[in-house]
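Subject: Structure handover

Hello,

I am passing on the structure we spoke about. My notes on what was found in it follow below.

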Amino acid sequence: MTRFGLVILLTWFGNIWLSPAQESASRADQWSVRDTGRGTFSSSAGGMVERQLRSRGIDDPRTLRAMAKVPREKFVPNELRNSAYDDRPLPIGYGQTISQPFIVALMTQHLQPKASDHVLEIGTGSGYQAAILSELAGEVYTIEIVRPLAQYAEVLLRELGYNNVHVKAGDGYKGWPEHAPFDGIIVTAAPDHIPQPLVEQLKEGGRMVIPVGKTGAQMLYLLEKRGGKIKQKAVIPVKFVPFTRDHVEDRQSR
């Protein structure tokens, strides 16, 4: 097993074997984007769209085009690139994952971002969902609580040319009030309740897609703000990593 393969294996099991400095160094190696050729991945993306998305009811043309265009293999560690288009989530370190392609497409389709929209994403991860949104919305603001992931995602997105994505390291529960209100909000980790700051930062007529619930009992919801009130619709049961708060920062702000 290579050194990087060992890193992936260890981070998969709870991310408890590496110090922050060690994992930061290994992530820097793994997320290199200098090998810009896609090779056989273009056909993999096309197969993903046909077999995983269209066959399950993803039919929005703009969403399908974005899913086919964004190079998913760039957003997973090098050791997992051959699995980039598999029908499953993949570990990206720090106890986080890149979501299954179908879930990314489903959430995007329900959000219905328009070219003029300002969209907020909570949970940047490796930056893949932000890249999909970048193809569809005017401006994308994305927040990641794990600072090393935020830093690597920001570099990766810039190197790949997603210049309308703005990355912030911080507590996503609070949203990004400086840029509110948002036409759409998408949350890629599961809180046990809908964060009120996000509801407040959602524009009238806007949509929020968010998984809610404890592990083993989560539901993906579509929220729409109409007349200042939230209309809520259950979509499908899901399994996301738990929503993480910065409790130290939260206590200091009180």
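How many salt bridges does the structure hold? The count is 9. Please keep in mind that this is a predicted model.

Salt bridges

Side chains of opposite charge can pair when their charged atoms come close. One of the pairs is K69 with E135, at 3.2 Å from N to O. K69 sits in helix α4 (residues 61-69), while E135 is in the loop between α6 (128-134) and β4 (139-144), so this salt bridge ties together parts that are 66 residues apart in sequence. K69 is exposed, with a relative accessible area of 52%, and E135 is partly exposed at 28%.

A second pair links R245 to D171, where the closest N and O atoms are 2.8 Å apart. Here R245 belongs to the loop between β9 (229-238) and α9 (247-252), and D171 to the loop between β5 (165-169) and β6 (182-187), so the parts tied together are 74 residues apart in sequence. D171 is buried, with a relative accessible area of 4%. In addition, R207, E224 and R226 are joined into one network by salt bridges that share partners.

D117 and K114 also meet through their side chains, with an N to O distance of 3.6 Å. D117 is buried, its relative accessible area being 5%.

The largest pocket

Rolling a probe the size of a water molecule over the atoms shows where empty space is left. The volume of the largest pocket is about 760 Å³. It is lined by 40 residues, and those closest to its centre are Q96, T97, T188, F240 and V241. Elements that give two or more residues to this lining include α1 (3-12), β2 (96-98), α5 (101-111) and β3 (118-122). Which element gives the largest share of the lining? That is β1, with 4 residues. By type, the lining of the largest pocket divides into 19 nonpolar, 18 polar and 3 charged residues.

The chain as a whole

The protein chain contains 9 helices and 9 strands. Of its 254 residues, 52% are buried. The accessible surface of the chain comes to about 11800 Å², and carbon and sulfur atoms account for 53% of that area. Among contacts between residues at least 6 apart in sequence, 57% join residues at least 24 apart. The salt bridges K69 to E135 and R245 to D171 each tie together parts separated in sequence.

Regards

Methods. Residues are numbered from 1 along each chain as its sequence is written. This is a predicted model: local features need pLDDT of at least 70, side-chain atom pairs count only at pLDDT 80 or more; totals for chains, interfaces and linings use all residues. Side-chain values use heavy atoms; hydrogens and water are left out. Buried means under 20% relative accessible area, exposed over 50%, partly exposed in between (1.4 Å probe, protein chains only). Contact means heavy atoms within 4.5 Å. Accessible areas come from the Shrake-Rupley method with a 1.4 Å probe; for residues, only the protein chains shown count as cover. A salt bridge is a side-chain nitrogen of Lys or Arg within 4 Å of a carboxyl oxygen of Asp or Glu. On a 1 Å grid over the protein atoms alone, a cavity is a set of points where a 1.4 Å probe fits but cannot get out, and a pocket is an open set with protein on both sides within 12 Å along at least five of seven lines; lining residues have an atom within 4 Å of a point. Grid points are joined across faces, edges and corners, and a volume is the space filled by probe spheres set on the points. Ala, Val, Leu, Ile, Met, Phe, Trp, Tyr, Cys and Pro count as nonpolar, Asp, Glu, Lys and Arg as charged, and the others, Gly among them, as polar.
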